[in-house]
Protein chains: 2
Amino acid sequence: MHFVGAVIHTGASMSLRKLFSIRGMVLPRTCKQLGNRLYLHNNVSYTHRTHTCGELRETDIGKTVQLSGWLQYHRMGGLFLILRDWQGLVQCVVSQGKESLLSLAKDLNYETVVEVHGKVHARPEGQENKTLETGMIEVHVEDIKILNNSIKDLPFDIREFHDVKESLRMEYRYLDLRTKRLQRNMRLRSSMIMKMREFLCNKHGFVDVETPTLFRRTPGGAKEFIVPSRLPGKFYSLPQSPQQFKQLLMVGGIDRYFQVAKCYRDEGAKPERQPEFTQLDIEMSFVEMEGIEFLIEDLLHFSWPEDLEGRPETPFPRLTYEQAMRWYGTDKPDTRFDMKLMDVTKCLHDSGVQQFDRLSAESSIVAFRVPKGADHMSLKNVQTLKETALKIDHGKNKINIIDVRVGQNGEWKSSISKHIKPDSRERLAAATHLQSGDILFFAAGQGIKHNEILGRLRLECAHHLETQGIQVRNKDKFNFLWVQDFPLFLPKDDGDGLESAHHPFTAPRLEDLDLLKTHPEKVHGQHYDLVLNGNEVGGGSIRIHNADLQRYILQDILKEDPSELKHLLEALSMGCPPHGGIALGLDRLFACLCNCDTIRDVIAFPKSSDGKDLMSQAPSPVSKADLERYHIQIKTESEK
Amino acid sequence: MHFVGAVIHTGASMSLRKLFSIRGMVLPRTCKQLGNRLYLHNNVSYTHRTHTCGELRETDIGKTVQLSGWLQYHRMGGLFLILRDWQGLVQCVVSQGKESLLSLAKDLNYETVVEVHGKVHARPEGQENKTLETGMIEVHVEDIKILNNSIKDLPFDIREFHDVKESLRMEYRYLDLRTKRLQRNMRLRSSMIMKMREFLCNKHGFVDVETPTLFRRTPGGAKEFIVPSRLPGKFYSLPQSPQQFKQLLMVGGIDRYFQVAKCYRDEGAKPERQPEFTQLDIEMSFVEMEGIEFLIEDLLHFSWPEDLEGRPETPFPRLTYEQAMRWYGTDKPDTRFDMKLMDVTKCLHDSGVQQFDRLSAESSIVAFRVPKGADHMSLKNVQTLKETALKIDHGKNKINIIDVRVGQNGEWKSSISKHIKPDSRERLAAATHLQSGDILFFAAGQGIKHNEILGRLRLECAHHLETQGIQVRNKDKFNFLWVQDFPLFLPKDDGDGLESAHHPFTAPRLEDLDLLKTHPEKVHGQHYDLVLNGNEVGGGSIRIHNADLQRYILQDILKEDPSELKHLLEALSMGCPPHGGIALGLDRLFACLCNCDTIRDVIAFPKSSDGKDLMSQAPSPVSKADLERYHIQIKTESEK
C-alpha cells in the first residue's frame, strides 16, 4: 500500500475501528473517562499528544511523553532529532539499541511530521543549552512514527526566513506561518482580540452582532467592490464598514454593539492597503465623545498582551486637529520624539531676508530644530530629505525649505546667513534654542501646506538619524493620543462646494450648529481619531441622530440625493437615540504592537500590494456559465 | 433653532465644551475619577444613565436615577409614562406640581426617546404589578428631556409585532429589533458565541485566525458569488467555507484553529437559505474523529445559555448513516419521538398481497406505526400527508404507501385487508405492536427511496398530530446526535462516475483504503454530521493529509484537474500533519435554541428568501463608471 502517511498513521485506524464498531444508541466513553489519552490540559486536549514539544522543562523529568511535531533537523546520523512545534524546540535522542529507529531517523527529510514516544531525561552534565527553553532536558526516544513525509527541497528554510523575499514567502505562506515570528504575531492577535471581547461582552454588556457584507451600494462609494446578483443588472456591494448597520442597531435598541468586522475597500494597487481588512467596530447609545474615548482607553489597557512592554497609561493625551497641524504638521503625530514645529514669524519680522520680508500678512514662517543634525546629516543627505518632503506638495505651492547648519563655534552655514539681520538671527536662535551642531529647517507660506511639508521632513530626519544608529524613537514605547476637533467639511478638490471631512453621519459640535446655515466651512465635527506612534489606528464620532439635521446636511450642504439614504433617514425619525461609536483598525494596530513594517505580517493570508493571492493565484478567470448566471460579460479594451 | 433632538440634548454640549476647552497635552479626568456619572456597572458604563429601565427593583427604592429609553405608552394624560429599554419596562410618574412636564409628556408620541431624572419609590399599596419585573416600584419624575422625537404613525406597533407580516418587519428591521423576542435572540446568540470562544481560546488553546473572503474560484464552485477585480477578466470568489485555508493553517503549524466565519453561498431564491451565513469553523492537528466529536460535545455543554432548558448530556448518541436511513429514513433524524421505521419484509413473505409477493429479492418492505393515528387523522388527512411525502420521489420509483387503520375492535381498514393472509397479518401486527386506534404505514421498494419517503411521512404525521394539539415532540428537548460512517463517494446524478458525498478532502476510513483501487463506491469516509432535533447543525471530517492520496482521489476517482488545487497538493507534500475539523452552522443552531421557525429570526439583518435586503433595496443597479472600473458590462436578454 503506497499512500505513505495515511497508513503509517495506524494509531488512527485502531481507535477508529473501535468507534465504528459502536452500534445503535450505545454510548462511547466520554473524553473525561478516556483520561490522559484524550483529555489533557489546554494545548493538547482531545489529541494524541501528552505535551507540546516546546513546553517540556526540568519538572517533567521522568515523565513518559508522546510528542508530535516537525523535524527541524537531525544530528549525528539521526541520533539527535530536533523536534519543533509552535511552542518551541525539543531535543530527542534515539535510545541505545534502537538501530531500526536510527536508520529510519537518519534519512528523514527536514519538516517531516513525526510522532515520538519516549521519556524525559535531564541532559548529561555540560550538555545543557541555556539558549533553549527546553535546554535542560532531552527526550529519550522509544518509538518514532512518521505521520507525513516532507519533500527534500523546500522553497525556503523555516529556520532563516528573514532573507527570503516576500513574494516567495507569500506564495508558500503555509511555510512562512511555521516561523517563530508569524506564530507569535498570529497568536498575539488572537489572544488580544479575545481580551477585547471579554472587556466589551463580559465586563460592559456589549452585544456582538454580525452585520451583512452583501449590501446596497452607498452613494459615491467608488471604493466598494461590487458583487453581481442573479437579478439582471442588480449588484450587491461589499461595504467599507458597517456604519449604517451599527446606527440602525442603535435605532433597534441594541444600545451597546460591537463586532470584529471584516471590511472591504478597493483601492486598486496601493501599498500597505489590503482589499479586505478587519476593524473592531463599536457603537453606543446615550453616549458622548469622552464616553467613547474613555471606553477605548480602558479597553486597550485591559487587553494589552501580558508579554508586551509598554501597556499604555490612561487617559491618553488629547490634541485638537489645529494643534496637531501646528506642532507636527500632520493629524497623526508621532510623539515619541520632539523636534516640534514652531511659528517663528515674529522672530523674522523685518529680517533682511527678502523672501520673508515680502511675505503677505496671511503667511507664517514655521521652523523645527534637529539636535546634532549637522553632525549626522551631510549636505547631500539634507538635500535628499528636503526633496522627499517637498514631494507631498507636487511643487504646487512653490514652497522652499531653508536649512541652517550651526557649526562648532556657532557659525551659520545657510543660504540666508549673509542677508539675515543679527537681531532676527538672535531672536530665531533664542526661540528655537539653537545649539552648535544642530540643523534648523524652516519654511514659509499661507495655510498649512508648509507645516505639512516640515512635518514630513521631521519624520524623514528621525528616520535618517536612526539609520545612522542614533535612537530617536523608542521601539518599546506606545504613544497613544486622541486628535479631535476636526472641521466637519472640507472644500472639494475641484473647489466647487463642500464634502464631509470624514462621513456625512458625523454630528457637528453643538455650539457650532448655528454656523451650519451661515458658515458651514467653520463648523467642527464631533469626530475623534486614535493615533499610535504616528499611525491612525482608530476613528469615530458622535453621529447625527436627528432626521432633519441629517437631511439638511445631505441635501443642502453636500448636495447629495437624500433618497439614496431613505432607509436611514426614516430610521432616525422613528425613535433614534443619541449615539456614537468608533472603529479600530486591527491590522494596523497589531502591526504596531508586533513591531512589523507591514500589516501583511499580522494577517494569516495577506494579498500582495496589487491585490493578488500569490498562493492560489486569485483573482482568476471564471467560466462563461458563471458570467451568464450573473448576466454580465467581460468588456474588452476595444469596446471601451 | 429647529433641529429638535439635537439641541434639546444639551447635556452633551455642556461637557463637550468642557472637552474642547482642553488645550495642549493637558489631561482630562479619567472615567474612574468621573465617578458615578460615567463609570457605572456593566450595562450603563461610560454613558449618561445610572440604570437601565428594566433592572430597577425594590432594592433600588430611594435611589435617584437617570434613565434613558423609549416611550412605550403613557396613561392619564401623561401622568404615567411607561419607559422601555432592552431589559424591560418601568413605570414613571410625573411628580406633583410639575405641570410643565405633564403638558410636555401628554403630547409625546410613542417610541419617542426620552431621558428621565427621578427617584425610585415603592408603588402605592394595591397598585403593584406582579406580571412586570419592575412592578413593585415606580420612578417619580423630577425632569424629562426629549432626546429624539418619534413620528406619530409607525409602520407597526412594537408591542404586538406578531401579526405583522414578515416583509414589513424586514423593511423596518430596526423597529422589529426593539421587540422582546429579537432582543433575546440577538443577545443569546452573542453571549453563547462568547462562551464558545472562551472554551476554545481560554480553556483549550485554540487560535482565532481570520481567513480571506476574497479568494480563488474553487473548481466547479457554481454556488460561489464572484467579485470582479480591476484586472480585466479576473474575478475573486466569495468562498462557501474556509476549508482550504483551515487546512493550510494546519500545514502552517497553527495546530488548533477556530474562527466564527462568514461564509457565502449563492443558491438563488431558496427558502431558509441566506446568501451569507455564519459558521463556527474549527480545525485541529494530530486528532481523530472522536477527538473532534468530544470537543464539540464539551463545547456545547460548556457554552449552553444559563437561562435555557435542556443543556445537553455528553457524550451524544452515535448513529451510522446506514442506521439513520434504516430507522428514520433520513441522515438527520429527529429522535425526540419514536415511530421508527421497521423492516417487515419477513412478516409479509407469501402474504397473499400480490404487490408484495411479486417483489424481487433485492426489495424490502418498511413500515412505521402512528400510535392513536386513526383517532386523529381522517382518511383525507392521511391522503394529503401521503401525497406530501411522495413528492420527494417525484413519482420516479412508482412507490406506493399503504396504510392500515386499526378500528376499536382491532378490525383493519386498508386496501390490503381483503387479500392479506391471517398469519402474515398476525406477524405484522406482532412485529409492529399494532394497537386499536393506530395507523400503520408501509412501503416497498429497492434501495432506500421508500425509507426516505416513509421518513418524510413520519415527520409529516408528527407535525399533523401537533396541529391537533397532541404533544409529539417536547419543544424544550434538544436531542443532539452524531451521524457518521457515510459513503465517501456517491454516483453522479447523470450516473456517469462518482462524486464526493461531502468534499474531496475527506479522508477514507483507513480500513477501506484498499477498496479505493477496487471498489471506490464501497469506501466509507471519516465524516461526521452533528444533528439536532432533525436539523443538520454541523459537519466535519478527518482530512486527507497525504499528497499522493489526495491527488489519486481528485484525478483517478473524481476525474478532476488536480492543477486547480496545485497549492493545496504542494502544501500536503511539505510537512502536513494529520488533521481534521468541523463547522457548526450557527444560524441554524440558534434558530433551534431560540425555537424559531426561520433562521431569519436569529440574524440581525436577514435577506428575504429571494436574496433581497428589503430595508435598503439591495441588490441595486450600479453606475456605468463602476462597471467600467471592473471591465464588465450587463448582458441583456437579447444578447443571450
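Q: How many of the nine residues of helix H8 (residues 243-251) of chain B are buried?
A: In this predicted model, buried means under 20% relative accessible area, and helix H8(B) is mostly covered. The residues that meet this criterion include B:Gln243, B:Lys246 and B:Gln247 as well as B:Phe245, B:Leu248 and B:Val251. The count of buried residues in H8(B) is nine of nine.

Q: Which elements of chain A do the buried residues of H8(B) pack against?
A: Within chain B, the partners of these buried residues are strand S9 (256-264), strand S10 (276-285), helix H18 (566-572) and strand S22 (579-585). The packing also involves chain A, where the elements are strand S1 (64-75) and helix H6 (173-176).

Q: Which residue just after H8(B) takes a positive phi?
A: The position lies just after the end of helix H8(B), and its phi is about 80°. The residue with this positive value is B:Gly253.

Q: Why are H7(B) and H19(B) described as oblique?
A: Helix H7 (residues 180-203) and helix H19 (residues 586-593), both of chain B, have axes 11 Å apart and pack at an angle of about 120°. Angles of 65 to 115 degrees count as roughly perpendicular and those over 145 as roughly antiparallel, so that an angle in neither range nor under 35 degrees is classed as oblique. The angle between H7(B) and H19(B) therefore makes the pair oblique.

Q: What classes of residue form the contact of H7(B) with H19(B)?
A: From H7(B), the contact draws on B:Leu188, B:Arg189, B:Met192, B:Ile193 and B:Met196, which meet B:Leu586, B:Asp587, B:Leu589, B:Phe590 and B:Leu593 in H19(B). By class, this gives eight nonpolar, no polar and two charged residues.

Q: What is the handedness of the crossing of H7(B) and H9(B)?
A: Helix H9 (residues 289-303) of chain B packs with H7(B) at an angle of about 130°, the axes being 9 Å apart, and the two helices are therefore oblique to each other. Residues of H7(B) in this contact include B:Met192, B:Phe199 and B:Lys203, while those of H9(B) include B:Leu295, B:Asp298 and B:Ser303. The crossing is right-handed.

Q: What kind of axis relates the two copies, chain A and chain B?
A: Chain B superposes on chain A with an RMSD of 0.1 Å after a rotation of 180° and 0.0 Å of shift along the axis. The copies meet through the same surface, because 100% of the interface residues of chain B are also interface residues in chain A. The copies are thus related as by a two-fold rotation axis.

Technical notes
Residues are numbered from 1 along each chain as its sequence is written. Chains are lettered from A and ligands numbered from 1 in the order in which they are written. This is a predicted model: local features need pLDDT of at least 70, side-chain atom pairs count only at pLDDT 80 or more; totals for chains, interfaces and linings use all residues. Side-chain values use heavy atoms; hydrogens and water are left out. Axes are lines fitted to C-alpha atoms, for helices over the stretch in contact, and angles run from 0 to 180 degrees between N-to-C directions. Helices (H or I, at least four residues) and strands (E, at least two) are DSSP runs, numbered from the N terminus. Contact means heavy atoms within 4.5 Å. Ala, Val, Leu, Ile, Met, Phe, Trp, Tyr, Cys and Pro count as nonpolar, Asp, Glu, Lys and Arg as charged, and the others, Gly among them, as polar. Copies are superposed by least squares on the C-alpha atoms of residues with pLDDT of at least 70 in both. A crossing is left-handed if the near helix is turned anticlockwise from the far one by less than a right angle, and right-handed if clockwise. Buried means under 20% relative accessible area, exposed over 50%, partly exposed in between (1.4 Å probe, protein chains only).
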